[in-house]
Amino acid sequence: MLRSFAAAISRGQSFTQRAGTAGSRALLRTSAYPRRPDNYPDAPYVPNQPNPSPNNVPPGSPNSQRAHTEPEVPFPSNGYTPTYESLPASPHWRNNHGISSNRFRVITLAIGAFTSICLYVGATHTEAAVTDDGKEDSGFSAVGIEQKDQVDASRRKAGVWAWGSNNYGLVAPEEAEKVIKNAQEMKFFQGQVLRGLAFAERHAAAIDLDGNLLQWGVGHYLAGDRKANAASVQPEVTLAGRDLVQLACTHKKVYALSRKGEVFVLSAKKDVESETAQTRAEAKKRGELKAGSWLWGGGEEVVVKLRGSERIKSIAGGAHHLVALSSGGKLYAVAADSQGNKWGQLGQFDAPTPSGPEDAADFAVDLLPVSSVRNIKFSEVACGDNHTLARTSDGRVFAFGNNNFGQLGRTVEYEEGQSFSAAPLEVDSLWSNMRSTAKPLDWKCSKIAAGGNTSLFVVEKPKEIEVLACGMGQFGQLGHGGFHHIMKHPQRVKVISGLSQYSESSKAVLPIGITSLVAGATHCAAVLDNHTGSHVASYGRDTVMWGQNMHNELARGDGKKGNASSPVWVAGIGYDGPVTVQKMGTENGGEFANAGMGRLQLAPAGPVTVNGKKVTAEQDIALGHGVTAVYFKVAGKR
C-alpha cells in the first residue's frame, strides 16, 4: 500500500545514471547485494530464486524441521475414513460459543482490514518508505540532463536564492508576503559570491566577497516585534575594511571573525548600534573607555584577542552564547546575553554573569577558556540553541549544555531539578547503539552540526559512512523516520547512511561522504559528496532535507506539504525559469520511471564571474528558523 518515492534504491538499481564514460557512475546501498532470507538465515542462497517459504524448504536443510504440517488425526485401524462431522469438536473458542465458520471469517477479515489501515496511516505519517532489505527508501532516482543544466545555470546567475518564512524580511526584504514558497533570488545579492551567510530568528547577516559585514531583517531595523516597511529593510554594510571570514548570529548579537583572528561583535539592532557608538565616543572623550572592551561604530572597533601566539580560527553561535576555537585547538566561550550560561553551554559552572544592557555590543567582554578540556585538541565546534558540540582532532565528540531532549547524545546524571551538564562529556554512544563504549581505532567522527535542540554527526568507518542524530525530533528533524520528541542516543539517518558509488579513478565502489551538514532550528540539510565531471561540464552534489515544512522551507521535490521525518530530495532552483518536478508514474513500462527530474543539486567548486573577474566558488546551503538559502561562497581556504 505504501509506495516509495522512487523504486531505484529498493531494487538495488543505480542512484545516479549518467551518459558517457566520464560521467557514468552508480550509487548503491551496501545492503543491496544478494543476501540470505531474513526469516531463514540457515537456508542456502540461490540467485534469482524466490525466498524459501515454510512449505518448500530444501530437503535436508536445518530449516526443514520448521515446515508446517497439518495436525495428525488418529484414524481407526479398520479402514473407516472419518467425516468432518464425526471428528471431535475443536477446543477453539468459536466452537464453544457457537459462532459459525462464515461469521468467524468475516470477523477475521474485519480485524485484518482494520490492522492494515492502522499500519498504512502510521507509515504515511512517518513517510518512511521501507525497501525489501528493511531500510528506508530515500526516493532518490536517476539523474537527467536537467541537473546538468541546473548546475550550469547556477554559475551564470550567482547570488543568494532563498525561500521559506518571510515574517521578518529575511528571504525577500522588499516583499510583504509572509511565506516565499519557491526559491527566489535575493535582489540585493544578485551576481554576488559571499564568504558567509547566517540566519537568526529575526535578523540575518552576510560577509561579502571583500570581507565586509552586512545586516538586515526586522530584528535589525526595528526593535522588538514591530513590523517594518518592507522596502526599507534591505541589507546594509555595518562593518567594513576588516577582512572578515566567518560569522555567527545569536538572538541579540552578530559575531564576525577576521582573517587576523580578531572577533568583532555587533548588536543585532541598528538603533542600539548607533546608541552604543555615540555613548562610546563620548566616553572616549572623557577618558572613560576601558581597553579590551567590545565596541562597534564609527571606526572605534576594539576586539578581544587571545594572549600569546594563538588566534581564533573558528566560531559558532547558539541562541545566547558564542564558542570560539583557537589555532592551538583550545575552546573558549562567552555569553551573548543574561541566558548565556543558564544551561551550562559555556562549559563551566562558575562563569561570571555580565551586567548591563543585553542588546549592547559590549555586554560581555572576555572569552573564557573551557578549562576542563584544556589538554584536548579540538578541530570543530557547533552550537544548538543552548548546547555545544566540540569535535577533537582524533574524531571524538564532547558535548555540554542543555540536555532536555537528549541533544548531548547521552544520559546525564543530573542534580535535582537540573537537565543539563556544564561539564563537557564525551559522546561515547556514537560508537555503539544505545550504550556507551570506547571509540574503535579505525572509526572517527568527521563532521558535526547542531541547531535548535538537535545534534548531528557524521561517523566514518572503514567501509561506510553514517549520519547519526539525537535530541528533539518532534518535527522529523532527526531523520529517523518518526516524530520522536526525545532521542538520548544518536541513531542512524538511514536514508543517507551506508551509501556507495563506483569510482572510475580508483576502479572500486567507495562510500559517499557528506560535503556539508547543516542543522536549522527545526529542519536539517545534507549535501552529498557525489558530483561528477569537471567544473566546465558537471553534475552537482545531491542535496536532501528533512524536518519541519510549515513555511515550505523543505521545498519538497515530491510536491508534498507536510513535515518530512526522513531525508527527501529538494525541488530544483529555476535559474532560467520554473523547474517542473515530474510526478511519479508508470510511463515507459517502469514504475516511477520519471521520478526525480529537476531535483536540486549544488554546484561544486568552479569559476564564477563576479564584476568581470573570475572567482573560484561553490554552492552551499544555510538554514534558519523556517528559512532555507542556497548561495555561492568562496572555495578553498579563507
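This passage walks through the overall make-up, a sheet, the nonpolar cores and the aromatic pairs of a predicted model.

Start with the chain as a whole. Its secondary structure comes to five helices and 34 strands. Of the 638 residues, 52% are buried. The surface that the chain exposes adds up to about 29600 Å², and carbon and sulfur atoms supply 52% of that area. As for who touches whom, take the contacts with a separation of 6 or more: 57% of them are between residues 24 or more positions apart.

Next, the strands. In general, the strands of a sheet pair through backbone hydrogen bonds, and they can be parallel or antiparallel. Here, one open sheet is built from five strands in the order 3-2-34-33-32, with antiparallel pairing. Strand 3 (179-185) and strand 32 (606-610) sit at the edges, each pairing on one side only. Going from one strand to the next, the twist averages 30 degrees. Zooming in on part of this sheet, strand 2 (residues 160-165) and strand 34 (residues 627-634) run antiparallel and are joined by five bridges. One example is Gly-164, whose bridge partner in strand 34 is Val-627.

Then there is the packing of nonpolar side chains. The largest nonpolar core has 21 residues. Those with the most contacts inside this core are Leu-456, Val-467, Ile-496, Ile-514, Leu-517, Ala-526 and Trp-546. Several strands chip in: at least two residues of the core come from each of strand 20 (454-460), strand 21 (465-471), strand 25 (514-519), strand 26 (523-528) and strand 29 (541-547). Another core, of 20 residues, lies apart from the largest one, and Met-186, Phe-199, Ala-204 and Tyr-221 are among its members.

Last come the aromatic rings. A pair of such rings is described by the distance of the centres and the angle of the planes. With ring centres required to lie within 6.5 Å, the count comes to four aromatic pairs. One of them is formed by Phe-378 and Phe-398, with 5.9 Å from centre to centre and 80 degrees between the planes. That pair is edge-to-face, because its angle is over the 60 degrees needed for that label. The two residues are 20 residues apart in the chain, with Phe-378 in strand 15 (residues 378-383) and Phe-398 in strand 17 (residues 397-402), and the pair links distant parts of the chain. Both Phe-378 and Phe-398 are buried. Elsewhere, Phe-188, Phe-189 and Trp-216 are linked into a cluster by ring pairs.

Notes: Residues numbered from 1 in each chain as written. Predicted model: local features only at pLDDT ≥ 70, side-chain atom pairs only at ≥ 80, totals over all residues. Heavy atoms only, no water. Core = buried A, V, L, I, M, F, W, Y, C linked by side-chain atoms within 4.5 Å. Buried < 20%, exposed > 50% of the residue type's maximum accessible area, 1.4 Å probe, protein only. Helix = DSSP H or I, 4+ residues; strand = E, 2+ residues; numbered from the N terminus. Contact = heavy atoms within 4.5 Å. Areas by Shrake-Rupley, 256 points an atom, 1.4 Å probe, with all protein chains shown as cover. Pairing = 2+ DSSP bridges. Axes fitted to C-alpha atoms, helices over the stretch in contact; angles between N-to-C directions. Phe/Tyr/Trp six-rings, centres within 6.5 Å; stacked < 30°, edge-to-face > 60°.
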